[in-house]
Amino acid sequence: DDIKTEPAATPAGPFSVDDRVEARWKSDHGGWYRGKITKVNSDGTYAVQFDDGDFEPSEPLDWMMAELPLKVGDLVDGKWKRSNSAWYSGKITQLNSDGTYALAFDDGDFEPSEPLDWIRRSPLFTKPAQPTVDEPTVPAANDAKSCSGREVTVKRMDPNGLDGHGWGMNLQFMCGDSKVHIGNSRGSQTQSTVVDTPMFANDCAARIDKSNWLGGYGYGDYFDIVMGDCIDSEAQAQCRRQVTATRGDAPHGWGMRLEFECSGKVVHVGSSHGRSKSATTTFKLDGDDCPSRVDKSNWRGGHTYGDWFSVDVGPCVGAALGDAVEYDHEDKPKLGSEPKLGKKTEASANTWKLW
């Protein structure tokens, strides 16, 4: 009798024919490209038809993952001005309603509406670990909930801001439904504030620039954004604050230069014609860092007057009051200057897909 031979069983795997995937091209460190499974091979590899027309008959599972939506903050490579040329590294800063993406390139250029066809996930991206039945993926507590009292920190990252001189505009932007007021910064590349309206950890764009800040400024500054964890109360946040001294021994002002320490750092209030005077700190402190009373026992300067002051520490502020008016923006072009034209630097990777 003839012996029947059963066909080899196709190994069970996470993907089936027609599944959408992202797969590396010809290497375990190549770029990620979108495509579709066309065959499940008996050796555990997959045939992948890429969206750009290329085909890989035996893609190993380690070089594949299920297609993931792009989100703000993802590291990607994009084509410059939708040209059919080299890839350049950057970061997603906004998801547009028309299906395009705002992309900030690492060399400082910006594309407000990059189509998906001209974006690929960065070769630096590592595919997420596959959850098991015993070890389900659980989001971090602070990322999974909305809370009031998150610290939002901006750091100026464009070339003109890397020397730490700050910025002059009144920086404001939206994070979800919350308006974040950072203000300006004199002499600091980084500025923080605490937002007291409900926010999720991913509500802010990863980068803020003229495409998404408020106020219509046309400057070339751009900022990276870091969202802090939830805090129990605004008073516990480390941030710049307004400190107010009110004279308690007399209903009028004072002539001495009032200075005292809050958590080891000096607050300069100065003299005042009125009974109260405020100063905004240039350093971070929480609501309990200042003494509640200041007199000759704890002010600086050795004055022996009988004055005494009650001290109130206010909520977090974005920048020194009045600076936005007094401090002109430092990135306005000088008279007679011409913009410098620079050559873009291509994104680095060991293996590139040829077009």
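**View 1. Ser263 sits in the loop between strand 18 (254-262) and strand 19 (265-272).** This close-up, like the others here, comes from a predicted model. Phi of Ser263 is near 55 degrees, a positive value in a residue that is not glycine. For background, most residues other than glycine have a negative phi. How accessible is Ser263? Its relative accessibility is 53%, so Ser263 counts as exposed, the cut-off being over 50%.

**View 2. Asp18, in the segment before strand 1 (20-24), is another residue with a positive phi.** Asp18 has a phi of about 80 degrees, although it is not a glycine. With 52% relative accessibility, Asp18 counts as exposed.

**View 3. Strand 3 (residues 46-50) is largely enclosed by the rest of the structure.** Of the 5 residues in this strand, 4 are buried, which is why we call it largely enclosed. Have a look at what pairs with it. Strand 2 (residues 32-40) and strand 3 run antiparallel and share 5 bridges. Strand 3 is also joined to strand 4 by 3 bridges, again in the antiparallel sense. As a reminder, strands of a sheet pair through backbone hydrogen bonds, either parallel or antiparallel.

**View 4. Here is who faces whom across strand 3, residue by residue.** On the strand 2 side, Gly35 stands opposite Phe50 of strand 3. Towards strand 4 (55-59), Gln49 has Phe55 opposite, and Val48 has Glu56 opposite. When you follow the side chains along a strand, keep in mind that in a regular strand they alternate between the two faces of the sheet.

**View 5. Two hairpins flank strand 3, and a glycine with a positive phi turns up in each.** Which residue has the positive phi in the hairpin of strand 2 and strand 3? That would be Gly44, with a phi near 90 degrees, in a hairpin that has 5 residues between the strands. The hairpin of strand 3 and strand 4 has 4 residues between the strands, and Gly53 in the turn has a positive phi of about 105 degrees.

**View 6. Tyr33 and Phe50 make an edge-to-face aromatic pair.** The count of aromatic pairs in the model comes to 8. In the Tyr33-Phe50 pair, the ring centres are 6.4 Å apart and the planes stand at 85 degrees; edge-to-face needs over 60, so the pair qualifies. The pair links distant parts of the chain, with Tyr33 in strand 2 and Phe50 in strand 3, 17 residues apart. Buried or exposed? Tyr33 is buried at a relative accessible area of 6%, and Phe50 is buried at 2%.

**View 7. Trp167 and Phe223 form an edge-to-face pair.** Their rings are 4.8 Å apart centre to centre, with 75 degrees between the planes. This pair links distant parts of the chain too: Trp167 is in strand 12 (residues 166-175) and Phe223 is in strand 16 (residues 223-230), 56 residues apart. Trp167 counts as buried at 1% relative accessibility, and Phe223 is buried with a relative accessible area of 0%. Both of them belong to one aromatic cluster with Trp213.

**View 8. Trp63 is in the loop between strand 4 (55-59) and strand 5 (64-66).** How far is Trp63 from Trp25 in sequence and in space? The two are 38 residues apart along the sequence and 8.3 Å apart C-alpha to C-alpha. The relative accessible area of Trp63 is 25%, so this residue is partly exposed: buried would require under 20%.

**View 9. Five strands line up in an open sheet in the order 9-8-7-6-10.** The pairing in this sheet is antiparallel. At the edges are strand 9 (110-114) and strand 10 (119-121), each of which pairs on one side only. From one strand to the next, the twist averages 40 degrees. Zoom in on strand 6 (residues 75-79) and strand 7 (residues 87-95), and you'll find an antiparallel pair joined by 5 bridges. In this pair, Gly78 stands opposite Tyr88 of strand 7.

Key:
Residues numbered from 1 in each chain as written. Predicted model: local features only at pLDDT ≥ 70, side-chain atom pairs only at ≥ 80, totals over all residues. Heavy atoms only, no water. Buried < 20%, exposed > 50% of the residue type's maximum accessible area, 1.4 Å probe, protein only. Pairing = 2+ DSSP bridges. Phe/Tyr/Trp six-rings, centres within 6.5 Å; stacked < 30°, edge-to-face > 60°. Axes fitted to C-alpha atoms, helices over the stretch in contact; angles between N-to-C directions.
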